[in-house]
Amino acid sequence: MVQTKIIPGYPALMIEGTKKSLVITDLHLGFESNLSLNNIFLGKNKTVIEITKEIEEIIKKTKPDSLILLGDVKSGIKSITKTEWETVPTFFERINNLIDTILVPGNHDANIEKLIPNGITLASSKGIIIDDILLTHGHTMPTENFSSVNKIIMGHVHPVFFEEKSIINGERVWVTMKCNKQKIFPSKTGKLEIIIIPTFNKHFYTTNKKFYKKSISPILDKSEVLEAKILTLDGTIIGNESLLPNII
């Protein structure tokens, strides 16, 4: 039986069994071009340099056997932007030299195969299975073929905590939920655990709830939540299912 562990201080999860897999999601490399349209400039390649360095630090600390990217490595949805042609291959080349990497494509990863060097494993957008866990981006509904799983690990919805008077207002958070399994897999009964990983890109959120747009997930739309925990990046529990409407 494999175990899942939050890596304190990072939006990253470790799956530990006979081998260790580091799981992260939602890098959104190249999103700076969207910010520049609103006269917000982070600097050329600033995000890809920051993200790559942070992933390298985690790999050195935790020594996983593989890295699993749960989608939205790039930012453009329908096409590859000029910025992405530069940043995404640079990112993959550096990571490819460090560790075996698997990419489960997300809804922003159209045509990403054109940006991937040899050695990166491109999985199905439906997800991959490790033991009794389905790892998927979260923008597609899992089929009954995956109904034997007891846990879904996903990204896509960028959970952020909003409470104006709180010192963690606008901060990325973890969400773990126990749900009615039959709502996702009609042929099954019992409980299903869903873990939502925070976006790895620390710039890809805002402290202003007014301008924060939630991503829609068919998995969450179908889910009947029985209980939930909301945790900060360091693993501190800050609330339960009552907070979900303000987070996802």
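In this predicted model, helices H2 and H3 are roughly parallel to each other, because angles under 35 degrees count as roughly parallel and their axes cross at roughly 15°. H2 spans residues 46-62 and H3 spans residues 82-96, and the two axes come within 10 Å. The crossing of H2 past H3 is right-handed.

The residues that make this contact are listed by helix below.

| Helix | Residues in the contact |
|---|---|
| H2 | Val48, Ile51, Thr52, Ile55 and Glu56 |
| H3 | Thr87, Phe91, Arg94 and Ile95 |

By type, the residues of the contact between H2 and H3 comprise 5 nonpolar, 2 polar and 2 charged.

Two of the residues in this contact, Ile55 of H2 and Phe91 of H3, return in the description of the largest nonpolar core. That core has 28 residues, and the members that touch the most other members are Leu27, Ile55, Leu69, Val73, Phe91 and Phe92. At least two core residues come from each of strand E3 (20-24), H2, strand E4 (66-69) and H3. H2 provides the largest share, 5 residues.

What does Leu69 touch, leaving aside residues up to four places away in sequence? Its partners are Ile24, Leu27, Phe91, Phe92, Thr101, Ile102, Leu103 and Val104. Among these partners, Leu27, Phe91 and Phe92 are also listed with Leu69 among the core members that touch the most others.

A second core, separate from the largest one, contains 23 residues. Val149, Ile152, Phe161 and Ile196 are among them. In soluble globular proteins, nonpolar side chains tend to be buried together.

How values were computed: Residues numbered from 1 in each chain as written. Predicted model: local features only at pLDDT ≥ 70, side-chain atom pairs only at ≥ 80, totals over all residues. Heavy atoms only, no water. Axes fitted to C-alpha atoms, helices over the stretch in contact; angles between N-to-C directions. Helix = DSSP H or I, 4+ residues; strand = E, 2+ residues; numbered from the N terminus. Parallel < 35°, antiparallel > 145°, perpendicular 65-115°, else oblique. Left-handed = near helix turned anticlockwise from the far one by under 90°. Contact = heavy atoms within 4.5 Å. Nonpolar A, V, L, I, M, F, W, Y, C, P; charged D, E, K, R; others polar. Core = buried A, V, L, I, M, F, W, Y, C linked by side-chain atoms within 4.5 Å. Buried < 20%, exposed > 50% of the residue type's maximum accessible area, 1.4 Å probe, protein only.
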